[in-house]
Structures are given as structure tokens and as C-alpha cells.
Amino acid sequence: MAEPRQDRREKPAVRIQSHKENDFIEVELDRQELSYQNLLKVSCYEMGINPEQVEKIRKLPNTLLRKDKDILRLQDFQEVELILRKNGSSELTEYTPSLTEKPCYNSNAAKLTY
């Protein structure tokens with residue numbers, strides 16, 4: 001029997017918009033705490049960026065997420081992209097750390113209670 005929807009955790013797949021990097025990471029969010037701000041906070045923490053760097057959140061392929069209602073409609077493994085603010089030029093700030101810069105496993109993220 002399927003568990004009730006309100007007891008589940010949502011797991012959107014998140015990435016930073018980049019011409020070089022296409023990989024997503026899964027973030028786990030408690031259904032009761034699912035909001036725009038919480039998605040932004042947890043996604044930025046997992047990606048190692050500041051929320052102030054994010055200009056927009058896009059549900060792929062082409063839908064901007066703007067409010068809590070939009071976030072509540074996300075399904076498990078829905079692909080979401082963080083679009084970073086422009087850095088004084090026409091190019092978006094790119095964030096593509098190498099594996100030597102950042103370990104694959106974020107031990108601080110594993111300790112978070114969402």
C-alpha cells in the first residue's frame with residue numbers, strides 16, 4: 001500500500017545552470033516544510049553556494065518557480081535548475097568545482113535535518 005502523500009519526503013533533482021556541467025544532485029525535503037525558501041536554502045547548501053547568488057529557480061524544461069504553490073507541485077526527481085545572478089557581465093556566474101576542490105560526499109549535508 002502506498003504511503004500517504006503528506007508523510008512523504010520530496011526529492012527534487014537540482015543542478016546549477018551551466019554550459020559545462022549537466023549533473024543533478026537529489027535533495028531531500030520534508031513535505032510539511034516544502035516551500036520556495038526551504039528549497040532555495042537546502043539546494044544552495046548542498047551545492048555550496050550562497051542563496052544570494054541565485055537569480056531564479058527553473059523547473060526544467062522552461063517553467064520558473066516563484067512561490068510556495070509552485071514548489072508544492074514538484075514531484076519526486078523533478079529536475080530543477082538554479083540560475084545564478086549575472087556577475088557584472090553578460091555571462092552567468094559559472095560554478096563547476098572539480099572533484100579535487102570539493103569532495104563528492106558532503107558530510108555537513110548528511111547531518112542536516114530538513
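This is a dialogue on reading helix H1 and the salt bridges in a predicted model.

User: How does the end-to-end distance of helix H1 compare with what its length should give?

Analyst: The expected span is 1.5 Å times one less than the number of residues. Helix H1 covers residues 36-47, twelve residues, and should therefore span 16 Å. The C-alpha atoms at its ends are 16 Å apart, in agreement with that value.

User: What backbone feature comes just after H1?

Analyst: Gly 48 follows the helix directly and has a positive phi of about 75 degrees.

User: How many residues of H1 are buried, and which are they?

Analyst: The general idea first: an α-helix has 3.6 residues a turn, so residues three or four places apart point the same way. In this structure nine of the twelve residues of H1 are buried, so the helix is largely enclosed by the rest of the structure. The buried set consists of Tyr 36, Asn 38, Leu 39, Leu 40, Val 42, Ser 43, Cys 44, Glu 46 and Met 47.

User: That set includes polar residues. What does Ser 43 touch?

Analyst: Ser 43 sits in H1 and has 1% relative accessibility, which counts as buried. A polar atom of the Ser 43 side chain is 2.7 Å from the backbone oxygen of Leu 39. Leaving aside residues up to four places away in sequence, Ser 43 is in contact with Val 14, Val 27 and Leu 82.

User: And Asn 38, what surrounds that residue?

Analyst: Asn 38 also belongs to helix H1. Its relative accessible area is 13%, so Asn 38 is buried. With residues up to four places away again left out, the contacts of Asn 38 are Leu 29 and Glu 33.

User: Turning to charged pairs, how many salt bridges are there in the whole structure?

Analyst: The criterion is a side-chain nitrogen of Lys or Arg within 4 Å of a carboxyl oxygen of Asp or Glu. By that test the whole structure holds four salt bridges. One of them joins Glu 10 and Arg 31, with an N to O distance of 3.6 Å.

User: Which parts of the chain does the pair of Glu 10 and Arg 31 tie together?

Analyst: Glu 10 is in strand E1 (residues 9-10), while Arg 31 is in the loop between strand E4 (29-30) and H1, so the bridge links parts 21 residues apart in sequence.

User: Are Glu 10 and Arg 31 buried or exposed?

Analyst: Buried means under 20% relative accessible area. Glu 10, at 1%, therefore counts as buried, and Arg 31 is buried at 16%.

User: Where do Glu 81 and Arg 15 lie?

Analyst: Their side chains form a salt bridge at 3.0 Å, N to O. Glu 81 is in strand E7 (residues 79-84) and Arg 15 in strand E2 (residues 13-16), so this pair connects parts 66 residues apart in sequence. Glu 81 is buried, with a relative accessible area of 5%. Arg 15 is buried as well, at 15%.

User: What are the accessibilities in the bridge between Asp 70 and Arg 73?

Analyst: Here the N to O distance is 2.6 Å. Asp 70 is buried, with a relative accessible area of 8%, whereas Arg 73 counts as exposed at 55% relative accessibility.

User: Which residues are joined into one network by shared partners?

Analyst: Arg 15, Arg 58 and Glu 81 are joined into one network by salt bridges that share partners.

Technical notes:
Residues numbered from 1 in each chain as written. Predicted model: local features only at pLDDT ≥ 70, side-chain atom pairs only at ≥ 80, totals over all residues. Heavy atoms only, no water. Helix = DSSP H or I, 4+ residues; strand = E, 2+ residues; numbered from the N terminus. Buried < 20%, exposed > 50% of the residue type's maximum accessible area, 1.4 Å probe, protein only. Polar contact = N/O pair within 3.5 Å; in protein donor to acceptor, adjacent residues only side chain to side chain. Contact = heavy atoms within 4.5 Å.
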